[in-house]
Each structure stands twice: as structure tokens, then as C-alpha cells.
Amino acid sequence: MRLILAVPLLITLLLAKSFAGQVEVLHYWTSGGEAAALEVLKEQMAESSHQWLDFEVAGGGGENANQQLQARVLKGDPPTAALIKGLDIQRWARLGFLANLNDLAAEQNWANILPTEVANVMKHKGNFVAVPVNVHRVNWLWANSRILNQLNITPPTNWQEFDAAAQKIASAGYQVIALGDQDWQHATLFETLALSVGGPEFYSDVFADHTFNAKNSKILAQVFDRYYQVLQYANLNAVTEWTDATESVISGEAAFQVMGDWAKGEFTNANKQPNNDYFCLPVPGTQEMFLFNIDSFAMFKLKKTKPEDQIAQTALARNIMGEPFQEAFNLNKGSIPVRTDMSLTRFDYCSKFSMNEFLSSSEKGTLLPSIAHGMATTGTIQGYFLERIGELTRNPVSPEKAAKELVKAIRYGQYIIR
Ligand code: GAL
């Protein structure tokens with residue numbers, strides 16, 4: 001009897017072993033919340049006996065990650081998967097490097113469980129070439145609730161209320177806004193203000209379609225005006241990394257941070273509860289608007305000589321879209337699942353709020369792609385945008401001049417062919 005049971009088990013184990021392949025995954029998720037989220041995937045792969053090779057690139061999703069990826073692809077040795085987002089996916093697919101995931105998409109019914117906005121980003125010429133892991137909302141204002149309560153401040157919903165709150169916070173000796181001194185962090189703040197001051201139409205005109213006219217230039221100057229006012233409440237010399245800025249809100253040194261909800265991953269990682277230890281508020285003036293940032297893994301075409309690695313690659317993609325991963329990963333990461341057919345019971349107030357706003361903004365036409373996080377335009381234009389915002393942050397000029405400079409940078413990015 002025992003032998004009868006043992007034989008099939010042995011065969012299953014041997015089969016699993018012989019199909020066990022390796023996945024090499026390029027990513028830049030190094031913070032506490034990010035690493036905890038990614039760990040879920042590593043564990044799932046280990047459970048199915050596939051080996052995980054970590055290709056971790058320090059310094060976020062900027063040029064560094066891109067250069068390392070290019071070097072490997074040009075050598076004919078791409079990783080199995082890479083954390084590539086937005087329009088960059090199109091670039092790699094156009095060059096013919098990405099694998100076709102349509103079979104898996106059909107098996108898991110991606111067409112019906114993914115919102116159109118998400119599915120479109122993952123497709124090239126109608127074929128799925130990348131797998132989405134989450135939807136991040138960028139236009140969040142994180143607030144330390146103890147500071148706000150102590151100073152009797154109700155969460156600000158417009159800039160007038162924000163300015164009044166800022167005065168009180170500064171006079172009480174706290175840092176008003178925590179902001180790390182990096183281009184992408186400045187741009188994250190800037191784009192949320194552009195949405196707030198200019199509205200959705202202006203935002204997509206300028207950052208997605210790059211339509212410049214007198215009216216838009218005038219609004220852009222108003223955005224810079226607000227940006228420079230908000231910057232007065234920040235201390236650029238205080239921190240560099242976004243995680244340190246988040247930490248200063250968690251610890252109660254600073255009252256606010258404008259950051260995507262990967263910041264919530266840090267609050268969660270520090271055992272902090274929304275509405276108790278901190279508040280997640282839409283950036284003033286962006287209620288019912290949603291700047292989205294979708295993280296995704298693009299799957300590379302692999303050499304045919306190792307079928308077990310291809311099996312492992314499919315397993316990786318299958319796991320990412322599976323409910324267990326979508327739930328566990330996003331609980332840690334601060335984002336919401338990409339699947340619309342999942343229960344959110346285990347998610348907190350901020351995630352439920354985010355999901356509601358995601359769905360309603362999609363209907364209202366106020367769901368917009370983040371330019372700072374590579375969703376709105378090409379990597380080249382995004383690069384010039386980030387660089388110029390960084391310069392204009394460190395060396396402020398008049399709002400009108402700043403608006404002109406930014407338009408020039410975006411135009412320049414449009415002319416460059418890469
Ligand atoms: C974003 C990325 C997030 C988060 C953040 C900070 O661009 O989409 O997942 O990691 O950068 O690293």
C-alpha cells in the first residue's frame with residue numbers, strides 16, 4: 001500500500017525536478033515594502049521548484065536599470081523578465097525582443113479580468129508581451145495623523161486649506177513636506193500639482209499629447225507658481241531617498257509627503273494603520289482624479305535550448321496574474337490588484353478608496369497616465385522632462401520662464417530619435 005502511494009509521488013517529484021528551470025528577474029525594488037512584496041513571488045517560484053536569480057539594480061527605475069538591461073540584451077543574453085513599464089514596453093516589443101503571452105492570457109482570461117487601460121499598456125500590436133502586477137495611484141498626500149490632530153488641522157482638500165495647515169505645522173516646528181532631492185521625486189510632486197491646478201484636459205494635452213498653445217503655457221506657469229509655493233515648505237537638503245522622506249512622516253518629523261502609494265508599503269511595513277497613524281488623502285484639488293502608474297514585467301524571448309527555462313517563465317507570468325500573488329503582493333506594496341474580479345476584503349481603507357477612485361475616474365475620463373513614472377510618453381521625453389524639472393527645482397526661475405523651459409525640454413525630447 002505504502003509503495004503504491006510512494007511511486008506516483010516519486011514520479012511527480014522527479015517530473016517537477018526535471019522541468020525545474022531558472023528565472024532571472026531584473027527589478028529595482030529594494031525598499032522594505034517593495035522587497036516584502038517581491039518576496040511573495042520568489043516564494044511562489046521556489047514552491048514550484050524553479051530557481052530565482054535576482055537581477056537587482058540599485059537606484060530606482062531610471063537610466064541605470066535601462067542601461068544594464070540594454071547591455072544584456074545586446075549580448076544576446078536577456079533576463080527572463082524585467083520590470084519595464086508603460087511606453088517602454090512598446091519599444092522593446094517593437095525591436096522584437098519580447099515573448100508572446102497570448103496563450104497564457106487566453107488560459108487565464110486576461111481579456112475579461114483586466115481593465116482596458118491596463119491591458120492596453122501590456123499589449124503590442126494586439127499581443128500580450130508583459131504581465132501587470134499592480135496599479136499604483138500617484139496623486140496621494142500622506143499625512144502624519146498625530147501632527148494634524150495635535151494642531152487641530154482637518155485634512156486639506158484645497159490649496160488654501162493646505163497653506164493654512166502649512167503655516168501651523170511650520171510654526172509648531174515640524175517639517176511641512178518631506179521631499180527627497182531626486183528628479184523623479186520632484187516630478188512626482190510636480191505632475192500632481194499640474195493635475196490639480198490645470199485639470200485633466202490640460203494634463204493630457206501637455207504631458208501625453210504634447211499640445212502647446214498660449215492657454216496651456218499660461219496654465220503651466222500657474223502650475224509652476226503653485227509648485228514653487230509648495231517647495232517653500234520642503235527642505236531639499238534634508239533627504240535624498242523617497243524612503244527616508246516617508247520615514248520622516250512615519251516618525252512624525254514631517255507632516256506630509258506627496259508620493260505614490262508605494263509609500264503605503266513603507267507605512268504597512270512599519271506596522272502603521274491608515275486613519276489611525278496616518279491619512280491617505282488625494283493631493284488637494286485632485287479628488288476623483290487618478291494618476292496611474294502600473295508596474296509590469298515584460299517577458300523576454302529566451303533561447304530555445306533550455307525548454308525548462310521557458311516553462312519557468314510561463315510559470316512566473318502565470319503566478320503574477322494569479323489571485324494569491326495579486327493579493328499578497330499588493331497588500332505589501334501599497335497598490336491595488338490589476339484584476340477586477342478579486343475581493344478586497346483583506347485590503348485596508350486606502351486600497352479600497354484607491355480602487356473606487358480608479359473605477360470611477362475611468363468612467364469620468366479623469367484616469368490619467370503618470371509622466372513621472374513612464375506611463376504618459378516615451379522614455380526619451382520623460383527623461384528630458386525629469387531632468388528639466390530637477391533643474392528648475394534646484395534653481396528656481398520665474399514661473400513664466402520655468403513654463404517656457406519645460407515646454408522646450410519636452411519639444412526637444414520629441415525631436416530626438418532613439
Ligand atoms: C515607481 C515604481 C514603484 C516604486 C517606485 C519607487 O516608479 O512604479 O513600483 O517602486 O517607483 O521605487
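Reader: What makes Arg 394 and Asp 181 a salt bridge?

Author: In this predicted model, their side chains come to 3.0 Å, N to O. The cut-off is 4 Å, so the pair counts as a salt bridge. The two partners sit 213 residues apart in the chain, with Arg 394 in helix H17 and Asp 181 in the loop between strand E9 and H10.

Reader: Why is Arg 394 called partly exposed?

Author: Its relative accessibility is 37%. Partly exposed lies between the 20% and 50% limits, so Arg 394 fits. Asp 181, at 23%, is partly exposed too.

Reader: And what makes Glu 405 buried, and Lys 408 exposed?

Author: Glu 405 has a relative accessible area of 19%, and buried means under 20%, so Glu 405 is buried. Lys 408 is at 52%, and exposed means over 50%, so Lys 408 is exposed. Both lie in helix H18, three residues apart, about one turn of the helix. Salt bridges with shared partners join Arg 388, Glu 391, Glu 405 and Lys 408 into one network.

Reader: How do you know that Cys 280 and Cys 350 form a disulfide?

Author: Their sulfurs are 2.2 Å apart, and the rule asks for within 2.5 Å, so the pair qualifies. Cys 280 is in strand E11 and Cys 350 in helix H16, 70 residues apart. Both cysteines are buried.

Reader: Why is that disulfide called left-handed?

Author: The torsion about the S-S bond of Cys 280 and Cys 350 is about -100°, so the disulfide is left-handed.

Key. Residues are numbered from 1 along each chain as its sequence is written. This is a predicted model: local features need pLDDT of at least 70, side-chain atom pairs count only at pLDDT 80 or more; totals for chains, interfaces and linings use all residues. Side-chain values use heavy atoms; hydrogens and water are left out. Helices (H or I, at least four residues) and strands (E, at least two) are DSSP runs, numbered from the N terminus. Buried means under 20% relative accessible area, exposed over 50%, partly exposed in between (1.4 Å probe, protein chains only).
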